[in-house]
Amino acid sequence: MSTFRSQRLEKLLGAQITAESLTWKHLLKLKDAKVREAADLDYKLLYGTQPSDRHKPGGDVVAMANTQGGHHRRCRRG
């Protein structure tokens, strides 16, 4: 299985980032530094509260994974 890694984001965070090591602190650091969205980063604030909105986050994640030819993983809190 191939895994996409972003040299740009790793440089900004100052560490090698894997699917297992990515945390909310990393994402907040990128947001607070006002790092621009690109093929390797897409911010989302809120998708909605209706039952029909539940599929939207998954679609965005899959689209980003497919764009890079890789796979997606969830970020763990901590």
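**View 1. The salt bridge between K31 and D32 in the predicted model.** K31 counts as partly exposed, at 45% relative accessibility. Its side chain meets that of D32 in a salt bridge, with an N to O distance of 3.2 Å. D32 is exposed, its relative accessible area being 55%. This pair belongs to a total of two salt bridges in the structure.

**View 2. The salt bridge between R8 and D40.** The side chains of R8 and D40 meet at 2.6 Å, N to O. R8 lies in helix α1 (residues 7–13) and D40 in the loop between α2 and α3, so the salt bridge ties together parts that are 32 residues apart in sequence. D40 has a relative accessible area of 16% and is therefore buried, the limit being under 20%. R8, by contrast, is partly exposed, with a relative accessible area of 33%.

**View 3. The largest nonpolar core and the surroundings of L9.** Six residues make up this core: L9, L13, I17, L30, V35 and L41. When residues up to four places away in sequence are not counted, L9 touches L30, V35 and L41, and also D40. D40 is the residue whose side chain forms the salt bridge with R8.

**View 4. The backbone at K34.** K34 is not a glycine, yet its phi is positive, at about 60°. The residue is placed in the loop between α2 (24–32) and α3 (56–68). K34 has a relative accessibility of 71% and so counts as exposed, the limit being over 50%.

Methods. Residues numbered from 1 in each chain as written. Predicted model: local features only at pLDDT ≥ 70, side-chain atom pairs only at ≥ 80, totals over all residues. Heavy atoms only, no water. Helix = DSSP H or I, 4+ residues; strand = E, 2+ residues; numbered from the N terminus. Buried < 20%, exposed > 50% of the residue type's maximum accessible area, 1.4 Å probe, protein only. Core = buried A, V, L, I, M, F, W, Y, C linked by side-chain atoms within 4.5 Å. Contact = heavy atoms within 4.5 Å. Salt bridge = Lys/Arg side-chain N within 4 Å of Asp/Glu carboxyl O.
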